[in-house]
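Q: I am new to this structure. Please take a close look at one part, the strands and how they pair, and set that part in its surroundings.

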There are 2 protein chains.
Amino acid sequence: MNKNNNELEFLNTYNKKQYEKPSVTVDLLIFTIEDDELKIVLIRRNEMPYKDFLALPGVFVRIDETLEEAAYRTIKEEIGSCDIYLEQLFTWGDVDRDPRMRIISISYMAIVSSDKLKLVKGERVSEVKLYSVNRLIDNKEELAFDHMKMIKYAIERIKNKIAYTKIAFEFVEEEFTLPQLQKVYEILLNKALYKANFRNKIKELVEETDKMTEKQPHRPSKYYRLRETEYEQNKGIFKR
Amino acid sequence: MNKNNNELEFLNTYNKKQYEKPSVTVDLLIFTIEDDELKIVLIRRNEMPYKDFLALPGVFVRIDETLEEAAYRTIKEEIGSCDIYLEQLFTWGDVDRDPRMRIISISYMAIVSSDKLKLVKGERVSEVKLYSVNRLIDNKEELAFDHMKMIKYAIERIKNKIAYTKIAFEFVEEEFTLPQLQKVYEILLNKALYKANFRNKIKELVEETDKMTEKQPHRPSKYYRLRETEYEQNKGIFKR
DNA sequence: ATAATAGTGTCTATGAGACAGTATAGC
DNA sequence: GCTATACTGTCTCATAGACACTATTAT
């Protein structure tokens with residue numbers, strides 16, 4: 001066919017030109033809340049460059065897998081769970097971000113509740129652990145590549161999205177109490193919230209279960225779950 | 001040095017493995033408002049695949065340029081201006097999005113006021129023109145590759161960002177009247193707004209000039225400009 | 001009863017939304 | 001004067017924010 005010939009011709013011309021291609025990776029920001037702190041999964045590199053530095057888990061994108069597939073492959077390498085919130089964040093393309101060669105990296109953010117998170121040491125890695133995000137930043141911990149920038153970017157995204165999406169619910173289990181959920185908001189926003197006001201705002205997002213907390217030396221708390229509603233519309237916009 | 005040896009060793013191992021790399025492009029969504037309509041710059045392809053289809057302008061990312069540089073290079077190829085709002089949107093990585101080969105594309109959104117926009121026909125292209133976004137969608141115009149998906153994604157982004165950023169100001173000239181600005185909001189949000197309420201909301205974002213419109217058969221309108229303030233904080237979030 | 005946390009009622013201030021009114025240019 | 005658009009004042013209603021109050025478990 002004419003079309004096929006044309007395409008073949010194109011491919012030949014293209015290959016002859018031998019454009020040098022960058023490499024492409026995905027890097028993962030896997031967040032969870034543990035011990036009332038926002039934590040992130042980091043690995044300790046055991047290869048050059050940045051050997052022995054902390055870094056985000058990541059993989060090279062294979063020629064026959066989508067970016068999401070590469071992201072999930074990374075997740076599976078480091079942690080047990082796979083039913084997990086995943087969102088593309090940003091693509092980092094500075095020329096010198098990797099000293100070896102030109103690597104463009106697409107960062108993905110994942111969120112898991114800590115009960116679903118089980119760390120598994122990957123092959124080319126000497127350690128996988130959770131790190132307190134605040135402590136990393138306060139200690140000015142030096143991470144490999146531009147990974148600290150990626151973390152800071154992700155934190156901003158979380159802080160913004162918490163206000164107009166249901167992203168906070170990804171940090172709690174399927175069934176949760178409102179005090180638990182409020183704690184998540186308080187940790188992510190880094191400020192105390194009024195109980196009554198908090199409950200007013202989120203009450204249309206949740207539905208009661210008939211379960212209660214037990215064996216605690218004070219009044220028990222009702223379990224709730226996320227109510228399935230259509231994705232929230234453009235809120236906070238001019239109405240007319 | 002030991003470190004250098006190690007790095008060289010790594011590079012050799014890496015190159016021997018000969019991972020097949022995807023190609024990387026940037027595609028540009030250049031928006032403007034003309035004749036009271038949101039319009040986008042599209043080219044007509046004169047090469048396979050999708051010959052004669054409308055497509056977004058884009059380029060392959062060179063090994064020695066950042067993604068932003070590639071985006072600006074695209075902009076310069078198609079339009080005159082270069083002082084222009086630019087924002088990374090999303091990276092598209094489906095395996096079959098290009099029939100020739102694996103291409104990962106980072107989409108960038110640019111916004112220009114129509115007075116700054118001068119289209120220039122690029123080399124490998126048979127036409128560059130502005131197209132009404134609404135008409136493209138209503139006519140279910142078939143664009144090359146996944147470019148229609150990119151457009152729809154960008155429109156959503158604009159509609160969201162207009163509420164909590166100053167993005168709308170990118171569509172007007174440096175100095176503008178409030179009726180002009182309101183029109184931009186109305187076009188982007190696709191609904192009529194009350195004048196008084198609109199002005200209340202944006203009044204802290206703008207500052208008066210001493211210029212007025214002239215020679216119009218009705219009351220003249222004052223010109224304003226964007227007030228330089230620090231980037232707006234997390235608005236619409238729980239305060240306590 | 002006490003300690004400790006869960007959960008509710010209500011006042012106030014702010015601001016969005018709706019609409020009516022006034023102002024000022026050219027003709 | 002008229003027309004056409006620019007600009008402003010103000011009422012209402014919803015809701016965010018602040019705080020005080022009541023409820024219920026284990027010990």
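A: Start with one pair of residues. In chain A, A:Ile43 stands opposite A:Ala55, which belongs to strand S3. The model is a predicted one.

That facing pair belongs to a short piece of pairing. Strand S3 of chain A covers residues 54-55. Two bridges join S3(A) to S2(A), and the two strands run antiparallel.

S2(A) has other partners. Strand S2 of chain A covers residues 37-45 and pairs with strand S1, residues 23-34. Their pairing is antiparallel, over four bridges. One link is easy to find: A:Ile33 has A:Leu38 in S2(A) as its bridge partner. The hairpin of S1(A) and S2(A) has two residues between the strands. There, A:Asp35 takes a positive phi near 50°.

S2(A) also pairs with strand S7 of chain A, residues 125-132. This pairing is antiparallel too, and it runs over seven bridges. Look for A:Leu42, whose bridge partner in S7(A) is A:Lys129.

Now turn to the residues around A:Leu29. Leaving out residues up to four places away in sequence, A:Leu29 touches A:Ile40 and A:Leu56. A:Leu29 also touches A:Ser107, A:Met109 and A:Ala110. A:Met150, A:Ile151 and A:Ala154 complete its list of contacts. A:Leu29 is among the residues with the most contacts inside the largest nonpolar core. A:Leu28 and A:Ile30 are also in that group, along with B:Leu28, B:Leu29 and B:Ile30. The core has 90 residues.

Step back to chain A as a whole. Chain A has six helices and ten strands. Of its 240 residues, 27% count as buried. Take the contacts in chain A with a separation of 6 or more: residues 24 or more positions apart account for 65% of them.

Further along chain A comes an open sheet. Its three strands have the order S8-S10-S9, with antiparallel pairing. S8(A), residues 175-177, and S9(A), residues 206-212, are the edge strands, and each pairs on one side only. From one strand to the next, the twist averages 45°. S8(A) pairs with S10(A), residues 222-226, over three bridges. In that pairing A:Thr177 stands opposite A:Tyr223. Helix H5 of chain A, residues 178-189, packs on the sheet and touches S8 and S10. The direction of H5(A) makes about 85° with that of S8(A).

Chain B has an open sheet to look at as well. Its three strands have the order S8-S10-S9, with antiparallel pairing. The edge strands are S8(B), residues 175-177, and S9(B), residues 206-212. The twist averages 45° from one strand to the next. S8(B) and S10(B) pair over three bridges, and B:Thr177 stands opposite B:Tyr223. Helix H5 of chain B lies across S8 and S10, at about 85° to S8(B).

One helix of chain B rounds off the tour. Helix H2(B), residues 67-78, has twelve residues, so at 1.5 Å a residue its expected span is 16 Å. The end C-alpha atoms are 17 Å apart, which agrees. Its buried residues are B:Leu67, B:Ala70, B:Ala71, B:Thr74, B:Ile75 and B:Glu78. They cover an arc of only 140° around the axis, so they lie on the same side of H2(B). An α-helix has 3.6 residues a turn, so residues three or four places apart point the same way.

Note on methods
Residues numbered from 1 in each chain as written. Chains lettered and ligands numbered in written order. Predicted model: local features only at pLDDT ≥ 70, side-chain atom pairs only at ≥ 80, totals over all residues. Expected span 1.5 Å × (residues − 1). Buried ≥ 20, exposed ≤ 12 C-beta atoms within 10 Å, placed from the backbone. Arc of directions from axis to C-beta. Contact = placed C-beta atoms within 7 Å. Core = buried A, V, L, I, M, F, W, Y, C linked by C-beta atoms within 7 Å. Pairing = 2+ DSSP bridges. Axes fitted to C-alpha atoms, helices over the stretch in contact; angles between N-to-C directions.
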